[in-house]
Amino acid sequence: MSDLQEKITDTLDILNKLKQGKHITEDNMNNIPQVSDKEGEFDPDSSPEAWDYFKVFSGAIEKSNWNGKRLIWERETIDIAGDCSFNFNGTKMESFEEILQKPKLEVCPKTKLEVCPKLKLKVCQKMHHNLLNFDLMPVTGGMNNLKGNLKYGQENKILVHDLGKPPKQKMHDRLDTFVTFIDYSLKKRNELKQNIPYTKEIIKDTGKFLSNSIFTTSLKGENFGVLYDFMDNYENVYTYCKEFYNIDSISFIDRLVASGKKPIEDIKSLNDYMDLAIDYWILKGETFLQKQSACGYIPANGSNTKKAMDMFPRS
C-alpha cells in the first residue's frame, strides 16, 4: 500500500465512524492526515503531495510548474490549480461557531443535533487540508476567486459579490454553492445559444446573465474569451463535475446543487452542510482507492516531502 493510499484509508475509517455515530476521540481527530505547507514553502492544496493525489484521478495531467507557492498545470489555454472544496478554516470557522451559539432551532432529540454539530465541526476543521478536500480548479478567468465571492440575495438567489462594502451575510466559500452556480450558468448559456439571431432583448438578457455568472470575474480582465471557450467543453454541470470533481453520480451532483441553493443560517442547515461534506469526502476516498487500483499508478509517497518535491523541482 502506498503512503497516499494509507492516508486515504485512515481518513475513511474516521469519517465512516463519525457517519455511523461511533465515538470519535480527540486522538482520532488528531490522526486525520493533513497536508503540510512545509513552513510556508507552498500552499497545501497545490503542493507536490496534492498533485500526486490528483494524478490518480486524471491521466491527462502533465508536468506542473511552480507559480509562487503553487503548482499550476498549464493545460493548453487554461491554467489549473488545486483548491480546498469545503472551507472550514479561518473566518468561516468563526461564522460556523457563532451559529452553534444561536438558539437551537429544530433540534431533534433522537439525532442529538445539540451535540453532534460540535463534534462534526471539529472533524470538518481537521479535514480542511486533507487530500480528500482538494480538487482541481480553473484559475484562468478567476474561477477560483469567484467561488469564494458567492453570496445569497433576495429569495436566496446566488450573486457574485463585487468589490466594496462587505455583504451582510458571511461568504463561506462553499463547493455546493459553486456547483449550483455552474449549473445555473451552463443552463442559461445553453438557453441563450438557442436565441439566434439576437434581438435587442436577447442582448440585454445576455448582458444581465454575464454580469452574474461563472464568467463575471473574467470580464474584468483579458481572459473572458479563453474561459468561455474552455467552458464550452462542458454541456452541463454533470460533465463539469465528472472531470473536475471525479463524480459520476448524477444523484450526488443533484444533491450538491440542491444544497447550494440554501444559505447556512442555523444549526440544522449547518448540520446538513457538514453531512454533505462528510459524504463527499467518503465518496472521493472510495473513488480514489478504486481508480488507483484500476490505473495502477503508484503515488510517490506523498508524505515524504523530499520524494514529492523531486517530482516537481523548482527551476
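How many helices and strands does the protein chain have? This is a predicted model, and its protein chain holds 13 helices and 6 strands. Let us walk through it together, starting with the overall picture and then moving to individual places.

The protein chain has 315 residues, and buried residues make up 50% of them. Its exposed surface comes to about 15800 Å², with 49% of that supplied by carbon and sulfur atoms. If you look at contacts with a separation of 6 or more, 73% of them in the protein chain join residues 24 or more positions apart.

A good example of such a distant pairing is found around Leu131. This residue sits in the loop between helix 5 (116-126) and strand 4. Is Leu131 buried or exposed? It counts as buried, because its relative accessibility is 3%, under the 20% cut-off. Setting aside neighbours within four places in sequence, Leu131 is in contact with Leu4, Ile8, Val35, Glu49, Ala50 and Tyr53. Leu131 and Thr11 are 120 residues apart along the chain, and their C-alpha atoms are separated by 9.4 Å.

Leu131 and Thr11 also turn up together in the lining of a cavity. A search of the whole structure finds 2 cavities of 30 Å³ or more, and this one is the second largest, with a volume of about 30 Å³. Along with Leu131 and Thr11, its lining includes Lys7, Ile8, Pro33, Gln34, Val35, Glu49 and Asn130. Helix 1 (residues 3-19) gives the largest share of that lining, 3 residues. By residue type, the lining of the second largest cavity divides into 4 nonpolar, 3 polar and 2 charged.

The largest cavity has a volume of about 60 Å³. Which elements each supply at least two residues of its lining? They are helix 3 (48-57), strand 4 (134-138) and helix 10 (237-244). Among the residues lining the largest cavity you will find Tyr53, Phe54 and Phe57, as well as Phe134, Asp135 and Leu136, and also Glu243 and Phe244. Ser58, Asn246 and Lys284 are part of this lining too. The residues divide into 6 nonpolar, 2 polar and 3 charged. Tyr53 makes a handy landmark here, since it lines the largest cavity and is also in contact with Leu131.

Next, have a look at helix 7, which spans residues 175-193. Ser185 is found in this helix, and it counts as buried because its relative accessibility is 0%. Beyond residues up to four places away in sequence, Ser185 touches Phe209, Ser213 and Ile214.

Helix 7 also carries a salt bridge. Side chains of opposite charge can pair when their charged atoms come close. Lys188 and Glu191 form such a bridge, with the closest N and O atoms 3.4 Å apart. The two are 3 residues apart in helix 7, so they are separated by about one helical turn. Their surroundings can be compared through accessibility: Lys188 counts as buried at 15%, whereas Glu191 is partly exposed at 41%.

In total, the structure holds 17 salt bridges. Another of them lies in helix 12 (residues 267-295), where Lys268 and Asp272 are 4 residues apart, about one turn of the helix. Their side chains meet at 3.0 Å, N to O. Lys268 is partly exposed at 32% relative accessibility, and Asp272 is partly exposed as well, at 38%. Asp248 pairs with Lys242 in a further salt bridge, the closest N and O atoms being 3.9 Å apart, and both of these residues are exposed. Finally, Lys19, Arg255 and Asp279 are linked in a network of salt bridges.

Two backbone details round off the tour. Asn156 is not a glycine, yet it has a positive phi of about 60 degrees. Asn156 lies in the loop between strand 5 (150-152) and strand 6 (158-160), and it is partly exposed, with a relative accessible area of 36%. Asp173, also not a glycine, has a positive phi of about 50 degrees. Where does Asp173 lie? It is found in the loop between strand 6 and helix 7. With a relative accessible area of 14%, Asp173 is buried.

Definitions and conventions: Residues numbered from 1 in each chain as written. Predicted model: local features only at pLDDT ≥ 70, side-chain atom pairs only at ≥ 80, totals over all residues. Heavy atoms only, no water. Buried < 20%, exposed > 50% of the residue type's maximum accessible area, 1.4 Å probe, protein only. Contact = heavy atoms within 4.5 Å. Areas by Shrake-Rupley, 256 points an atom, 1.4 Å probe, with all protein chains shown as cover. 1 Å grid on protein atoms, 1.4 Å probe; cavity = no way out; pocket = protein on both sides within 12 Å on 5 of 7 lines; lining within 4 Å. Points joined across faces, edges and corners; volume = space filled by probe spheres on them. Nonpolar A, V, L, I, M, F, W, Y, C, P; charged D, E, K, R; others polar. Salt bridge = Lys/Arg side-chain N within 4 Å of Asp/Glu carboxyl O.
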